[in-house]
Amino acid sequence: MVRYITSKFLYMLVSLLILITATFFLMKAIPGNPFMSEKQVPPQIRERLMEQYGLDKPVIVQYGQYLKNIAQGDFGISMKMQNKEVTGLITDTFGASLKLGLVAIVVSLVVGVLLGLLAALYHRRLIDNVAMVLAVLGIAVPSFVVASMLQFVFAQKAGIFNVMGFNGPLDYVLPVAALAAQPIAFIARLTRSSMLEVLHADYIKTARAKGLNWMTILFRHVVRNGILPVITYLGPMTANIITGSVVIEQIFGIGGLGKVFVSSISNRDYTLIMGVTIFYGVILMLARFLTDIAYVFVDPRIKLTNRKEG
Amino acid sequence: MSVKNELIPQASAANLTPEDFRQIGVDEKQSEVIQRESLSAWRDSWERLRSNKLAMAGLIVMALVVIMAFIGPMISKFDYQTNDLMNTNKPPNSVHWFGTDDLGRDMFVRTWMGARISLVVGLAAALIDVMIGVIYGGIMGYFGGRVDEIMNKFAEILYSIPYLLVTILLLVVFEPSLGTIILALTITGWINMSWIVRGEIMQLKNREYVLASRSMGAGSGRLLFRHLLPNAMGPIIVTLTLSVPNAIFSEAFLSYLGLGVQEPVASLGSMISSSLSGWMLYPWRMLFPALLISLTMLAFNIFGDGLRDALDPKLKK
């Protein structure tokens, strides 16, 4: 168990180091430097700028400095927004994204599992068919299309919600719905197939034969076992919601980290791109690491197979 | 056999005669006769696929989209990049069947050109994934042991780096073009495929027919490419079908960030993202590409699911 967790943790660190290294050298590979475009600047000032950003030193020294700074949580200064620290920009805007993302994750889990469970319980009946059609649609329609449609129907035409902005609790509804559509579809399908399997398992028959109350069977045995595959999806789901929020924030005018990321890409603000990429990388890798650990705790069978391999 | 079956329902204790107990014997020639045409594994799978109406609908839609992406731009008199500033943002009409965009370009032609680009990106990325994945996974699975361990660790490390972030980084650095987009999408896309191939090969390599072939002097290359990989084809094809829509989706997302194919060339994703700013005023500019991308994704997903059921009936739930 400890060995398993340590090895997963080491993997995460190595991957992170590779991502950081890749960002650094890719950004170095861009021809020219960030101050090339400022033509009116006299050479002395340009040199002064280069010195300030450490760009006059050899690449290896810059890399070492970069690693050291990142370890201290310092991603440097934005190249396009004067006097703004990348770390500050991230911490200022991440709050909104985090709130939105967490709500979307909770909604996806609750609705997805419920939908999948209902579909499994009413297998091949109306509910099942409707749920599966919804699930297929959720997978097929890109989230930014879902977002625009929701915005059009519920905000523009019906006027129930605000078209833009992120202030009251009502402003959560549309972005969360758009973000959660795809994860809900995935979770519903996963839950349905695993619940179907569990429902036909011998131990459920045994439990019924013992005369256990159906509700007890459902929550003690069926749901607990059927929910396992959903846990493996937690990591990818976080990734899905984070990338989704990049687009959704833009559409609904939410001042989150996703919006910063989009504008940093279109402005080619390299330090900001690097910082946000590494920040996202850390979150995604942590999510995957926690998923791996959670899975071992919930399903002891995993340990055995891993010991056999390693 | 059939005689016995006919007799049983009629037989009751009252009307049994000694005649009924005569020995019929077995006609050995009869038992050797093949009753119906023998089916190869592929034919068998095809029959199973054909009886799955949903999967066939998916296949038909896929075929239609591919055909229209090919001939669609030709049957209209417009081309995809000529601006017509007198006719911007026109709703669908008899001249411009899908309307026009903000530069007066014909949306019908652009939509099918976009579908063409999206399909090319999706198919090319998926095919490259398959090629790398099959070779890498084949080697991992076939040789096992130390080789497998090291190669697998490498794949695992690469896999845990978030895929879209690497893609975005690459496209920020190397200017987006069709080639770099496909390359960026495949940089970590092949890993999943290699794991699937690895798993299959590991299972297959202990089969008797492999031993038989090896005992007759077949080398590793022959074993891998003539015996193991053809038998692992089912899961490979299924993964291929399901990774095409993923690549199309990723390209659409990249387009949204401005890292997709660049103007005047369009993909379905880039058309949707460029329509987003004014789409409440000109809904058709989003409607047609969005419908088409959803339909394509739907068709590929449904067909892929059906294909999985057809190729590996054991998996069916």
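This section describes the contact between chain A and chain B and the internal cavities of a predicted model.

The contact draws on 47 residues from chain A and 36 residues from chain B, and the area buried between the two chains is about 3,800 Å², with carbon and sulfur atoms giving 77% of that area. Within chain A, the residues that lose the most area to chain B are A:Tyr11, A:Leu26 and A:Phe144, which together make up 16% of what that side buries. The polar component comprises 2 salt bridges between chain A and chain B, as well as 3 residue pairs in polar contact, both residues being at pLDDT 80 or more. In one salt bridge, A:Lys8 is joined to B:Glu156, with 3.7 Å between the closest N and O atoms. Among the elements of chain A that give two or more residues to the side touching chain B are helix H1 (2-29), helix H6 (143-157) and helix H13 (270-298), and H1(A) gives the most, with 10 residues. By class, that side of chain A divides into 30 nonpolar, 12 polar and 5 charged residues.

The structure also holds 2 cavities of 30 Å³ or more. The largest, with a volume of about 60 Å³, is lined by residues of both chains, including A:Ile242, A:Phe261, A:Tyr280, B:Leu165 and B:Phe253; H11(A) gives the most to this lining, with 3 residues, and the lining as a whole divides into 8 nonpolar, 1 polar and no charged residues. The second largest cavity has a volume of about 50 Å³ and is lined by residues of chain A, among them A:Phe161, A:Asp171 and A:Phe252, its lining having 7 nonpolar, 2 polar and 1 charged residues.

Technical notes. Residues numbered from 1 in each chain as written. Chains lettered and ligands numbered in written order. Predicted model: local features only at pLDDT ≥ 70, side-chain atom pairs only at ≥ 80, totals over all residues. Heavy atoms only, no water. Contact = heavy atoms within 4.5 Å. Buried area = accessible area lost by both parts, 1.4 Å probe. Salt bridge = Lys/Arg side-chain N within 4 Å of Asp/Glu carboxyl O. Polar contact = N/O pair within 3.5 Å; in protein donor to acceptor, adjacent residues only side chain to side chain. Helix = DSSP H or I, 4+ residues; strand = E, 2+ residues; numbered from the N terminus. Nonpolar A, V, L, I, M, F, W, Y, C, P; charged D, E, K, R; others polar. 1 Å grid on protein atoms, 1.4 Å probe; cavity = no way out; pocket = protein on both sides within 12 Å on 5 of 7 lines; lining within 4 Å. Points joined across faces, edges and corners; volume = space filled by probe spheres on them.
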